[in-house]
Amino acid sequence: MGLGARELMAKRAAEEISNGNIVNLGIGIPTLVSDFISSGIHVFLHSENGLLGIGPKPKYGKEDENLINAGGFPCTAVQGASYFDSAESFAIIRSGKLDITILGALEVDEKGNLANWIVPGKRVPGMGGGMDLAENAKKVVIVTTHTNKDGSSKIKKKCSLPLTAKECVSLIITELAVMEVTKEGLVLKELFEGTTVHEVISKTEAGLIVSDTLRMIRYE
Amino acid sequence: MAIENVFGKIKEVDEAMTHINDHTVLMYGGFGGVGTSPLLINEIVKKNVKDLTLIGNDSGFPQIGIGRVICNGQAKKMITTHIGSNPVAGQLMTEGKLEIEFSPQGTLAERVRAGGTGLGGVLINVGLGTVIEKGKETIKVDGKTYLLEKPLRADVGIIYAKAADPFGNLIYDKTARNFNPLVAMASDVTIVHAEEIVPLGELDPEEIITPGVYVDIIVTGEGGKWKWVWEQEN
């Protein structure tokens with residue numbers, strides 16, 4: 001069975017998570033990442049609303065209205081989980097205890113600047129905990145479609161939308177490729193099967209340095 | 001066992017509501033409505049007080065949590081982190097009927113906490129290089145740059161607790177804790193809706209999350225319960 005583009009990105013993102021990590025997954029495609037975390041490792045998923053140790057979705061009829069993830073949906077708590085207030089929840093993030101966060105993006109640029117909270121005049125949802133996560137997680141991985149619906153690149157030379165945080169992103173995973181943010185610029189490191197370097201470059205506004213060790217991602 | 005109201009904090013909802021009036025600065029616990037008191041929200045909507053300034057994590061959903069108060073046109077200003085789940089809040093903002101000040105979530109939590117703990121502000125790196133920086137002082141400490149974020153306090157805070165004793169010692173339920181303990185500290189009048197009021201001594205001092213010293217009024221009662229979005233989808 002083939003995975004869809006969203007699942008492929010989520011699966012690749014899950015490979016960034018190691019045993020013992022404290023992880024926060026954003027809304028959307030990042031949420032899917034939890035389905036692909038290796039069963040052989042122990043991780044704790046952090047939820048902004050005051051839970052460390054998110055468990056699987058509860059069975060229908062077994063939902064607890066007071067046990068909810070940050071996306072507003074019922075969840076469970078794993079063994080060893082803890083509850084805390086919102087100040088403590090963000091203390092965990094700001095103090096550097098969060099190993100990795102996987103977030104979506106509206107735009108991300110060559111320097112690792114991230115814009116994902118507002119389109120002025122159009123969509124003004126607010127940043128929620130996004131700025132805290134982007135600024136202070138030890139590693140910020142972005143999972144996003146490579147282009148907007150109109151075909152324009154989301155991987156920019158310079159973000160034009162208001163920033164969530166400056167120079168915070170380490171790795172960008174799209175349905176086409178995996179790119180690392182380095183001091184020299186964006187390095188194209190991996191291609192999903194079926195894509196070409198030419199296609200990625202043509203769909204990317206940012207400059208790309210093609211890695212000497214470029215590899216093809218083949219799942220299944 | 002009968003509950004002795006030895007501290008006089010246990011009150012009828014009507015008496016508690018005399019503190020919430022036009023122009024009240026109101027802080028509320030809750031995250032997407034989870035941990036927001038259905039009873040007190042219902043009473044605020046019924047009383048139909050106007051020009052409230054609301055301080056809390058998010059704008060709830062149109063029929064859930066603080067969202068009900070917003071949709072009823074009772075707020076003139078909000079200090080919050082997210083309004084995405086309540087389209088009416090966005091619409092009122094666009095129409096210029098609701099002023100919104102966004103604060104990053106951890107920053108909002110610490111601003112409320114600072115208000116509640118007698119601190120003059122907090123130094124936070126979140127928002128540096130973004131629009132959040134506008135109009136704020138930056139301060140360098142040991143070579144690192146921070147934004148000076150000012151404390152927040154409210155006239156009235158509304159809290160939703162799992163249980164309260166007559167002194168107002170509180171415990172919460174799972175993720176319904178969120179902003180509640182912070183709001184309890186940062187309000188001139190802290191009104192708790194407790195699902196259950198238990199006799200003094202029944203809560204283990206080791207498990208109490210909010211010491212009763214922060215609590216002024218305790219109410220209990222049904223009413224105002226909403227259907228969650230995930231219940232409607234099922």
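This talk describes a predicted model with two chains, A and B, moving from the chains as wholes to their sheet, their contact and one buried lysine.

Good morning, colleagues. Please keep in mind throughout that the model is predicted.

I begin with chain A. Chain A contains 5 helices and 13 strands. Along its principal axes, the C-alpha trace spans about 50 × 40 × 30 Å. The radius of gyration of chain A is 17 Å, and a compact globule of 220 residues would have a value near 17 Å, so the two agree. Of the 220 residues in chain A, 45% are buried. If we take the contacts in chain A between residues at least 6 apart in sequence, 62% of them join residues at least 24 apart.

Chain B can be described in the same terms. There are 7 helices and 11 strands in chain B. The C-alpha trace of chain B spans about 60 × 40 × 35 Å along its principal axes. For 234 residues, the compact globule would have a radius of gyration near 17 Å; chain B has 18 Å, which agrees. Buried residues account for 51% of the 234 residues in chain B. Among contacts in chain B with a separation of 6 or more, 75% are between residues 24 or more positions apart.

I turn next to the sheet of chain A. How many strands form this open sheet, and in what order do they lie? There are 10 strands, in the order 4-3-2-1-5-8-10-11-12-13, and the pairing is mixed. At the edges are strand 4, residues 76-83, and strand 13, residues 208-217, each of which pairs on one side only. From one strand to the next, the twist averages 25 degrees.

Helix 1 of chain A, residues 5-14, packs on this sheet. The strands of chain A that helix 1 touches are strands 5, 8, 10, 11, 12 and 13. The direction of helix 1 makes about 165 degrees with that of strand 8 of chain A.

One pair within the sheet may serve as a detail. Strand 2, residues 44-47, and strand 3, residues 51-55, of chain A pair in the antiparallel sense over 2 bridges. Here A:Ser47 has A:Leu51 of strand 3 as its bridge partner. As a general point, side chains in a regular strand alternate between the two faces of the sheet.

Chain B offers further antiparallel pairs, and strand 7 takes part in two of them. Strand 5 of chain B, residues 122-124, is joined to strand 7, residues 144-149, by 3 bridges. In that pair, B:Val122 stands opposite B:Glu149. Strand 6 of chain B, residues 138-141, pairs with strand 7 over 4 bridges, and B:Thr138 has B:Leu147 as its bridge partner. Strands 6 and 7 of chain B form a hairpin with 2 residues between the strands, where B:Asp142 takes a positive phi near 50 degrees.

Let us now consider where the two chains meet. In this contact, 36 residues of chain A touch 40 residues of chain B. Helix 3, residues 86-94, and helix 4, residues 130-136, of chain A each supply at least two residues to the chain A side. Which of the elements of chain A gives the most to this side? Helix 3 does, with 5 residues. By class, the chain A side has 17 nonpolar, 10 polar and 9 charged residues.

The largest nonpolar core has 122 residues, with members from chain A and chain B. A:Leu114, A:Ile142 and B:Val192 touch the most other members. Strand 8 of chain B, residues 154-164, gives the most to this core, with 7 residues. Looking beyond its neighbours within four places in sequence, A:Ile142 is in contact with A:Leu103, A:Ala105, A:Val108, A:Leu114, A:Val169, A:Ile172 and A:Ile173.

I close with a single residue, B:Lys9, which lies in the segment before helix 1 (13-17) of chain B. Is B:Lys9 buried or exposed? B:Lys9 has 21 other C-beta atoms within 10 Å, and the cut-off for a buried residue is 20 or more, so B:Lys9 counts as buried. Apart from its neighbours within four places in sequence, the contacts of B:Lys9 are B:Pro166, B:Gly168, B:Val215, B:Asp216, B:Ile217 and B:Ile218. The C-alpha atoms of B:Lys9 and B:Val219 are separated by 8.5 Å, although the two residues are 210 residues apart along the chain.

Thank you for your attention.

Definitions and conventions:
Residues are numbered from 1 along each chain as its sequence is written. Chains are lettered from A and ligands numbered from 1 in the order in which they are written. This is a predicted model: local features need pLDDT of at least 70, side-chain atom pairs count only at pLDDT 80 or more; totals for chains, interfaces and linings use all residues. A residue is buried if 20 or more other C-beta atoms lie within 10 Å of its own, exposed if 12 or fewer, and partly exposed in between; C-beta atoms are placed from the backbone. Two residues are in contact if their C-beta atoms, placed from the backbone, lie within 7 Å. Ala, Val, Leu, Ile, Met, Phe, Trp, Tyr, Cys and Pro count as nonpolar, Asp, Glu, Lys and Arg as charged, and the others, Gly among them, as polar. A nonpolar core is a set of buried Ala, Val, Leu, Ile, Met, Phe, Trp, Tyr and Cys residues joined through C-beta atoms within 7 Å. Two strands pair if DSSP finds at least two bridges between them. Axes are lines fitted to C-alpha atoms, for helices over the stretch in contact, and angles run from 0 to 180 degrees between N-to-C directions. The radius of gyration is taken over C-alpha atoms; the globule rule is 2.2 Å times the number of residues to the power 0.38.
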